[in-house]
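Me: Please take a close look at one part of this model, a place where helices pack together. Describe it in plain terms, then set it in its surroundings.

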Amino acid sequence: MSSPVRILCAGAGHMGRSHALAYHQLDGFEIVGLCTRSAASREALNRELGGTYAEYGDFLAALAETRPDAVSISTYPDTHAPYARAALEAGCHVFTEKPIADSVAAAEDLVALARAAGKRVHVLHVTTGEEMAFLADQKDVATVETSPTEAVTRVADRSTLIRSLRSSP
């Protein structure tokens, strides 16, 4: 069996919580840390997940300390591009909530960086925790749309993400 994808989860709001719960439940992922600006929200999420994950208030520090294979970005939209850039520069695959960036040029820069690094950027579009729970139970259900660049993929299923990461260059 392949080793799990080590993932750093950034954000503990509605979507961040949904994604962390899914990563926590799915075989194939190992959460290496929870990162939010709010100590209260990350502590609450960690308690909900069993209280065993490292907690961070600074994304760059969490990235450096945990050295994940991938990051999940469910933070405020203005942080998506800078966090994705930092993660790609650190050698990570990126799962980010939409929008990927605040401009087409910034998104294209991330795609170029991902391609140069041989990493993937996945723009997530699951909208509710209930959908995430369903998809966690229905691991073979997937919606995947790959852009012409083949570096950015919209996905709705974490098992598809795992397969995609393991098959990336």
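Reply: F59, L60 and L63 of helix α3 meet Y83, A86 and A87 of helix α4, where a contact means heavy atoms within 4.5 Å. The model is predicted, so local features need pLDDT of at least 70 and side-chain atom pairs pLDDT 80 or more, while totals for chains, interfaces and linings use all residues. Residues are numbered from 1 along each chain as its sequence is written, and side-chain values use heavy atoms, without hydrogens or water.

Helix α3 covers residues 59–66 and α4 covers residues 77–89; helices (H or I, at least four residues) and strands (E, at least two) are DSSP runs numbered from the N terminus. The axes of α3 and α4 come within 11 Å and cross at roughly 20 degrees. That angle makes α3 roughly parallel to α4 (under 35 degrees is roughly parallel, over 145 roughly antiparallel, 65 to 115 roughly perpendicular, the rest oblique). Axes here are lines fitted to C-alpha atoms, for helices over the stretch in contact, with angles from 0 to 180 degrees between N-to-C directions. The crossing of α3 past α4 is right-handed, meaning that the near helix is turned clockwise from the far one by less than a right angle; anticlockwise would be left-handed.

F59 and Y83 also form an aromatic pair. Their ring centres are 4.1 Å apart and their planes lie at 5 degrees, so the two rings are stacked (centres of Phe, Tyr or Trp rings, the six-membered one for Trp, within 6.5 Å; planes under 30 degrees apart are stacked, over 60 edge-to-face, the rest tilted). This pair links distant parts of the chain, as F59 and Y83 are 24 residues apart. F59 counts as buried because its relative accessibility is 3% (buried is under 20% relative accessible area, exposed over 50%, partly exposed in between, with a 1.4 Å probe and protein chains only). The whole structure holds 4 aromatic pairs, and Y23, F29 and F95 form one aromatic cluster.

Just past the end of α3, R67 sits in the loop between α3 and β4 (70–73). R67 has a positive phi of about 45 degrees, although it is not a glycine. Most residues other than glycine have a negative phi. At 67% relative accessibility, R67 counts as exposed.

Helix α4 has a second partner, α5 (residues 104–117): the two pack at about 15 degrees, with their axes 10 Å apart. They are therefore roughly parallel to each other. A81, A84, R85, L88 and E89 of α4 make this contact with D109, L110, L113, A114 and A117 of α5. In this case the crossing is left-handed.

The loop between β5 (93–97) and α5 contains P99, which is joined to K98 by a cis peptide bond, with omega about 0 degrees. After α5 comes strand β6 (residues 121–124), which includes V121. V121 is buried, because its relative accessibility is 1%. V111 is 10 residues from V121 in sequence, and their C-alpha atoms are 7.4 Å apart.

As for the wider setting, the chain has 7 helices and 8 strands. Of its 169 residues, 50% count as buried.
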